[in-house]
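Biologist: I am new to this structure. Could you walk me through it in plain words?

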Amino acid sequence: MIEDAQWQRIIELLAGRVPELAENFLGRILLDPAYSESGLTLEDLRSSSEKCFNAMLESLAKGGTDMTSLESLAAELGAKRAQQGIPLESLVRAIRTDFSVLWEALSAPSLGVNPGLLVRKTELVWQVVDTFAVRVKESYVAEAEDLETATADLQHQYLTKLLAAAEPSPSDALRIAGALKIDPGAEFLVAAISRDDSLTLRRRLGSLSAPRAVVGFAFDQGHHTIVILQRKQGLRLHLAFDELALFEGLAAGVAPIAQGIAGVRMAVLAAREIMADLAVGETGVFRLEDRWESVTRYRLAQVGCDPAFLVDPYLRRCSPGERERLLETVTVFLDSGSLLETSAILGCHRNTIVNRLASFEKYTGLDLQKPRGAATAFLALSNLRSPGSGRKVTSTARQ
């Protein structure tokens, strides 16, 4: 009984020092940028701290038998800090600081606590603080999950509006950018991956976005998952290391960098087209410069304008042997662009190469030493040049 009376007297003394405990607590947690740069006011932090110390002291006074008020306050604090965007690790450190401040006050010589009594009450102090910490964390995690779900739903709604069949007006696009919290004039990395790889990509994107250094979204569209990433200022047109790391081990079609939110819609179309052009099992990052030839030929063939029609029918007039020699010579020449290099590769005299190119021009009308003729032949012969294309076409039919 005497010990209980002594303990109650100590708790009453500390209850009178709660403002002092709160100031001690504030002086420590404000060293953490998560708090000092959070935008939270000192009044908010001070009020929360005083309420926490009062609730813990009340539980200590009751010997830990009734912690209803403490748990209720902990649940409120955990949800509030999640809403305010305080990182969980910073919140946990703050709770540890609560314990340190409280324990230092209990063991301070000026309080005159009997060391033996303090030792016997150590487990109780731990029990109270641990209950508080566990409830705060549970509430924080639950609220963070709810916020994440709500945010994901809103993002999906706005991305659906952005990428809908009907193009949003410039004013609507600006409102969408504001809702998504992105800079409408920024550069955007837009890519498409298989939906089978969506979970892996989302985890990586979440890790990349965790410090809020980047703003990124993943949006399922058909068989693809679309990635839209606001780029950091000053990045070059090639992808940065952390951007490439998003797609490691995956197949990704990456569109040319979109200039502003208005360019994202077309970039999504390009990314999906590049992705659809890949062969099954291919992995890596594929850009327009990697796949333009195959995409162009496929699209032309879809509307009956296969460039092969500009070459194949005309070469049927020559013998099979001559056709094979002409195609081999033209293919090597289009790769090198040099008569000397072509002759060295094929082991022929330069004049032989000139004569074969002249024969090719006679049959097809395409002068390969002029840009227009070379470009036409380049596309016409792309099946020979790129046998690994993911989408094969014969005339207008898709195989």
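**A loop to start from**

Modeller: Let us begin with Lys181, which sits in the loop between helix H9 (170–180) and strand S1 (187–194). Helices (H or I, at least four residues) and strands (E, at least two) are DSSP runs, numbered from the N terminus. The model is predicted, so local features need pLDDT of at least 70 and side-chain atom pairs count only at pLDDT 80 or more, while totals for chains, interfaces and linings use all residues. Residues are numbered from 1 along each chain as its sequence is written, and side-chain values use heavy atoms, with hydrogens and water left out.

Biologist: Is Lys181 buried or exposed?

Modeller: Buried means under 20% relative accessible area, exposed over 50%, and partly exposed in between (1.4 Å probe, protein chains only). Lys181 has a relative accessibility of 72%, so the residue counts as exposed.

Biologist: What is the phi of Lys181?

Modeller: Lys181 is not a glycine. Even so, its phi is positive, at about 60°.

Biologist: Which residues is Ile182 in contact with, leaving aside its neighbours within four places in sequence?

Modeller: Ile182 also lies in the loop between H9 and S1, and at 11% relative accessibility it counts as buried. Contact means heavy atoms within 4.5 Å. Beyond those neighbours, the partners of Ile182 are Ala177, Phe188, Val215, Phe217, Gln230 and Ile261.

Biologist: How many Å separate the C-alpha atoms of Ile182 and Arg17?

Modeller: Along the chain, Ile182 and Arg17 are 165 residues apart. In space, their C-alpha atoms are separated by 46 Å.

Biologist: Why is the protein chain called more spread out than a compact globule?

Modeller: The chain has 19 helices and 8 strands. For 399 residues the globule rule (2.2 Å times the number of residues to the power 0.38, with the radius of gyration taken over C-alpha atoms) gives 21 Å. The chain is more spread out than a compact globule because its radius of gyration is well over that value, at 34 Å.

Biologist: What box do the C-alpha atoms fill?

Modeller: The box is taken along the principal axes of the protein chain. Its dimensions are roughly 115 × 45 × 35 Å.

Biologist: Which element gives the most to the largest nonpolar core?

Modeller: A nonpolar core is a set of buried Ala, Val, Leu, Ile, Met, Phe, Trp, Tyr and Cys residues joined through side-chain atoms within 4.5 Å. The largest has 44 residues, and Trp7, Leu60 and Leu102 have the most contacts inside it. Elements giving two or more residues include helix H1 (2–15), helix H4 (42–61) and helix H6 (88–106). With 8 residues, the top contributor is H6.

Biologist: How many residues are in the other core?

Modeller: This core lies apart from the largest one. Among its members are Ile176, Leu180, Ala255 and Val264, and its size is 28 residues.

Biologist: Which residues does His223 touch, not counting those up to four places away in sequence?

Modeller: His223 is in the loop between strand S2 (215–221) and strand S3 (224–230), and it is exposed, with a relative accessible area of 69%. The residues that His223 touches are Ile193, Ser194, Arg195 and Arg272.

Biologist: How far apart in space are Glu293 and Phe378?

Modeller: Glu293 is part of helix H13 (residues 288–302) and counts as buried, at 11% relative accessibility. In sequence, Glu293 and Phe378 are 85 residues apart. From C-alpha to C-alpha, the distance is 8.3 Å.
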